Amino acid sequence: MTSTSAFPDDGRPDLPGEGDAADPSTPGAPGAGWYPVSGAGADHTGPADRAAAGNDAGDGSAGEGGAGDGTGGGADAVRRTSLGRGSVVMTLGTVASRASGLIRSMLLVACVGAVGTVADAFDIANKLPNMLFALISAGVLQAVLIPQILRAMNARNARERLDKLLSLTGLGLLLLTALLVVAAPLIVWLYTTSDQWTPEARHLATVFAYWCIPQVFFYGLYMLLGQVLNAQGKFGAYGLAPVANNVVSLVGFGAFLLVWGSAPHDGITDLATWSSAQTALLAGTATLGIAAQALVLVGALRRSGFRWRFRLGLHGIGLRSAGTVVGWTIGSVVLEQLGILYLSNVLGAGAQTAIRAGDVVAGNAAYTQAMTIYLLPHSLVVVSIVTVLFPRMTAAVHAGNLDAVRADMSLGMRSAGVFSVFSAIALIVLAVPLTDTLLPTLSAGQVAALAPIVQAMALGLVALGATVLVRRMYFAFEDGRSIFGIQVIATVSMVVVLWIGVSVLPVAWWAVAAGGAYALSTWISLLLRVRGMRRKLHGMDGRRVLRLYVRALIGALVAGLLGWLTIRLLDGYDVTSWGHSLLVTAVAGIVMVVGYVLALKVLHVRELDDALAPVLRRLKR
């Protein structure tokens, strides 16, 4: 259970991406100062050194390369990609999408609440496209088509191969989406098997699903076109496209609030008060937003010089060599989604049981909102690092340059670690005031229900960033069998831990148990994947990476203690008003950031300087 694709907050199918996952997930301005990462001393050069080594294009692209057919340069663009500058532009785009995504989440919670029958029914239906996309398409895209896109851009018949890849994938996605819409009642039933779901509630979830499942096609289109842009070294549009989704959502959800007003604090449980017009506006807005973000990339590709022509045919597009990995990859995604299926049923049964008893507890909708908060630091920084590194690491694998892969793997894990270790501690310490700040329409009781879920998930945040990077490298090596084996252990561990939690804990704590089980399975996945990748790469610079994580943890614990003391002084754990929570979050957050930076300086953590250098250079302009 390492993918986040089933829980996007702003329209990313994968924390690509997630990531999975999406993850998911997903998610620059490359072209400045790429240099070969193999050879003497390559392992000791950080992103700041890379960005400073060459000319500063400053245009958000990697340059045109020599493909000569509108593909934008292929591997040449990838090789010129600087982690520092590429990730900065990706991060800036992601900040814009996540910021607007947070406003979108605020409005959605205002429309239907974070608890209650309507909120849970809509949450299941709106997550289905992400789950189905991961199950049917995401594994194939990540394991097969993305490496094939990189190869196609360097082939002599690059235009023909890319046209066929895009045509076949787009047509397949369209046909599969149509079949899934027809199967909506069966799919919804699989996620609502508990007898605690009333026929009326299940019917509402099914109607929502009819509106939401077409998102599968647009998620696929977004990821596919985004990877073509990434392979050209153009990362900005992919990071900014979800803003279009959020703008559409802001308009639609805003109109909903103007017409019907906000949901009560305990959610909407009386379905007699819910109308078809409300269903159409709410779910239709969600799907239209995903369509908008995919179509934005069509324009970005045209501006890059790429001209797609519809072509069918399997000959000469390089899929034969990828056939061995497809079955294993799909199997791992199936396992992952079975775990999510079990989790969704547990949360739904718990919430509906509480509703029948006259109580309100965290269910699917609350869990998703907690996941939104949990994914913020990961998506803002770590996904950007992974997205920029993956194309050039894949190119190094294809070239047989394991030295370059090891160097970039070490660089990526250390760069991600600087942010993810601090973020995990920050989420644990700031969970209560941060949840109230980001979701101001929640009542104090709902904040108290969501915050522990965030804290439980945060225990796995460090592992999430590292495991996404390592998982991508299994795809680059076309090793689906190892991914499948690891996924078996991760999914079984998540299900077993959650089953134990449901057996011994009261219903009110089932969602917290789900968050903890998710975190544990992420750590198990990371440890197993790192072990396997070490064998493939003949080492992963483990001592250096571990030393960074230990020092970062020491600095984060110091910062966490300072933040906790600040919150206690400001009575920040007592939710009294949104303004008070905002003040507490801002003050404690600043104290923690300053404390963390100073601690890392004392501990001589060079990766912090490397990570901040591109930002500081831009601020000095």
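# Reading the helices of a predicted model

Student: Which residues of α17 are buried?
Tutor: This is a predicted model. In α17 the buried residues are Gly 480, Ile 483, Ile 486, Gln 487, Ala 490, Thr 491, Ser 493, Met 494, Leu 498 and Gly 501. The cut-off for that word is under 20% relative accessible area.

Student: How do you know what length to expect for α17?
Tutor: Take 1.5 Å times one less than the number of residues. α17 has 25 residues, and 36 Å is expected. From first C-alpha to last, the helix reaches 36 Å, close to that expectation.

Student: How does the span of α19 compare with what it should be?
Tutor: α19 covers residues 542-569, 28 residues in all. At 1.5 Å a residue it should span 40 Å; its end C-alpha atoms are 40 Å apart, so the two agree. Asp 571 follows α19, with a positive phi near 55°.

Student: Where is Leu 505, and is it called buried, partly exposed or exposed?
Tutor: Leu 505 sits in the loop between α17 (480-504) and α18 (510-537). Its relative accessibility is 34%. Partly exposed runs between 20% and 50%, so Leu 505 counts as partly exposed.

Student: What makes up the nonpolar surface patch that includes Leu 505?
Tutor: The patch is formed by Val 488, Ile 489, Val 492, Val 496, Trp 499, Ile 500, Val 504, Leu 505 and Trp 509. Together they have about 820 Å² of accessible area. A patch residue needs over 30% relative accessible area. Leu 505 qualifies, because its value is 34%.

Student: What makes the contact of Lys 127 with Asp 123 a salt bridge?
Tutor: The nitrogen must lie within 4 Å of the carboxyl oxygen. For Lys 127 and Asp 123 the closest N and O atoms are 3.2 Å apart, so the pair qualifies. The two residues are four apart in helix α4, and therefore about one helical turn separates them.

Student: Are Lys 127 and Asp 123 called buried or exposed, and why?
Tutor: Buried means under 20%. Lys 127 has 3% relative accessibility, so it is buried. Asp 123 has 8%, so it is buried too. Asp 123 also has a neighbour distant in sequence: Ala 365 is 242 residues away along the chain, with a C-alpha separation of 5.3 Å.

Student: How many salt bridges does the structure hold, and what of Asp 403?
Tutor: There are two salt bridges. Asp 403 pairs with Arg 406, the closest N and O atoms being 2.2 Å apart. That is within 4 Å, so the term applies. The partners are three residues apart in helix α14, which means about one helical turn.

Student: Why are Asp 403 and Arg 406 not called buried?
Tutor: The term needs a value under 20%. Asp 403 is at 41%, so it is partly exposed. Arg 406 is at 21%, so it is partly exposed as well.

Student: What lines the second largest pocket?
Tutor: The lining has 24 residues; Trp 523, Leu 526, Val 545, Leu 546 and Tyr 549 lie nearest its centre. Two or more lining residues come from each of α14, α16, α18 and α19. The largest share, seven residues, comes from α19. The pocket volume is about 580 Å³.

Student: What class does Gly 579 fall in, and why?
Tutor: Gly 579 lies in helix α20. Its relative accessible area is 40%, so it is partly exposed.

Definitions and conventions:
Residues are numbered from 1 along each chain as its sequence is written. This is a predicted model: local features need pLDDT of at least 70, side-chain atom pairs count only at pLDDT 80 or more; totals for chains, interfaces and linings use all residues. Side-chain values use heavy atoms; hydrogens and water are left out. Patches are made of residues with over 30% relative accessible area and no salt bridge: like charges are joined within 9 Å, nonpolar side chains (Val, Leu, Ile, Met, Phe, Trp, Tyr) within 5 Å. Accessible areas come from the Shrake-Rupley method with a 1.4 Å probe; for residues, only the protein chains shown count as cover. A salt bridge is a side-chain nitrogen of Lys or Arg within 4 Å of a carboxyl oxygen of Asp or Glu. Buried means under 20% relative accessible area, exposed over 50%, partly exposed in between (1.4 Å probe, protein chains only). On a 1 Å grid over the protein atoms alone, a cavity is a set of points where a 1.4 Å probe fits but cannot get out, and a pocket is an open set with protein on both sides within 12 Å along at least five of seven lines; lining residues have an atom within 4 Å of a point. Grid points are joined across faces, edges and corners, and a volume is the space filled by probe spheres set on the points.
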